[in-house]
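Subject: Structure handover and notes

Dear colleague,

I am passing the structure below on to you, and my notes on it follow underneath. Please read them with the structure open beside you.

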Amino acid sequence: MRRRTWRLVAMLAPAMTVVVLLFGGGLVYGFVRSLGWQPLIGSTDVSLRAYSNILTSARYAEQFWAGLGLSLWISLASTALSAALAVAAALLIRSTRRGQRLSVFLFQLNLPIPHIVAAVGILFLLSQSGLVSRLGAQLGLLDSPSDFPVLVRDRRGIGIILSYVWKEVPFIGVIVLAVLQSLSRDYEEIARNLGANAWQRFVYVILPLIAPALLSTSIIVFAFTFGAFEVPGVLGVRYPRVLPVLALRFFTDADLNARAEAMAVSMIITVIVMALVAAYMQLTRRDRGRNGA
């Protein structure tokens, strides 16, 4: 047993060393810089001033709190919509009797597409000068493309949410579908025989069985959308900016002293995402314990 353990450790050591050095080193470096240690510009005083500035100062606080609110809204809306649509799609595919393999293939077709490509696609399709607005004007549905609703680069982040939903529905749906296909239909048949309708069977039978997988994947999606910057960078507005884009904006500021605030924002994002990852690991561990029991 010990030999197997040491063999496993030896096999994982190279990869884990790279991960620990890159992630851990970057985390330590970012935290030190967030404390104001920047010897290249003569700043060697270490303090929590950057965090205080981010949370309370007139220069940074308004942007931070607005960005935090927008980030939470986009992540929550994207996750909730993706989860709901994914469950509906998984149930529909599961009930398909013919062409189920083709349906699964088409459903997960956009999984390899990068998020930045999805964002550019949304920009070309749904902007006021995009394909849909121009087509609507050509068909006489709109007087001009500018009459098309503002769905891209709007303050509510609708375009960002649509981009994330398009990408994350297959991710959640494939996992939920795998769980559904592994479940026996006996419970549903028993509930049907007891007089439960379709909605009751879903709420009281199916949903509790898929809840662990659904919750785990939803946490992953929330953590990803909260910490990503490429889609909001393409589809977002100048104000408010989501936190990752705001951190990049501070880091590229002409005032090099603002880099401490940029790192402080990055550390806050990291803490929130790591808390979500810890919650995901706890849920996974609890689910394994139940299955083992």
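In these notes, two residues are said to be in contact when they have heavy atoms within 4.5 Å. Please keep in mind that this is a predicted model, in which local features need pLDDT of at least 70 and side-chain atom pairs count only at pLDDT 80 or more, while totals for chains, interfaces and linings use all residues. Residues are numbered from 1 along each chain as its sequence is written, and side-chain values use heavy atoms, with hydrogens and water left out.

I begin with the loop between α6 and α7, which holds Asp 154; helices here are DSSP runs (H or I, at least four residues), as strands are (E, at least two), numbered from the N terminus. Once its neighbours within four places in sequence are set aside, Asp 154 is in contact with Gly 159, Leu 235 and Val 237. Asp 154 has a relative accessible area of 8% and is therefore buried, where buried means under 20%, exposed over 50% and partly exposed in between, computed with a 1.4 Å probe and protein chains only. Asp 154 also forms a salt bridge with Arg 156, with the closest N and O atoms 4.0 Å apart; the term stands for a side-chain nitrogen of Lys or Arg within 4 Å of a carboxyl oxygen of Asp or Glu. Arg 156, in contrast to its buried partner, counts as exposed because its relative accessibility is 53%. In the same loop, between α6 (131-138) and α7 (158-182), Arg 153 has a positive phi of about 60° although it is not a glycine, and at 47% relative accessibility Arg 153 counts as partly exposed.

Another backbone feature is the cis peptide bond from Tyr 239 to Pro 240, with omega near -5°. Pro 240 belongs to the loop between α10 (230-235) and α11 (243-251).

By the rule given above, the count of salt bridges comes to five. One of them joins the side chains of Arg 94 and Glu 188 at 2.9 Å, N to O. Arg 94 lies in helix α3 and Glu 188 in helix α8 (residues 186-193), so this pair ties together parts that are 94 residues apart in sequence. Both Arg 94 and Glu 188 are buried. Another salt bridge, at 2.7 Å from N to O, is formed by the side chains of Arg 192 and Glu 189, which are three residues apart in helix α8 and so are separated by about one helical turn. Arg 192 is partly exposed at 36% relative accessibility, and Glu 189 is partly exposed at 37%.

Arg 94 and Glu 188 appear again in the lining of the largest pocket, where the residues include Leu 91, Trp 199 and Phe 202 as well. A pocket here is an open set of points on a 1 Å grid over the protein atoms alone, where a 1.4 Å probe fits, with protein on both sides within 12 Å along at least five of seven lines, and lining residues have an atom within 4 Å of a point. The largest pocket holds about 240 Å³ of space, a volume being the space filled by probe spheres set on the grid points. The elements that give two or more residues to its lining are α3 (61-95) and α9 (198-227), and the largest share, five residues, comes from α9.

With best regards
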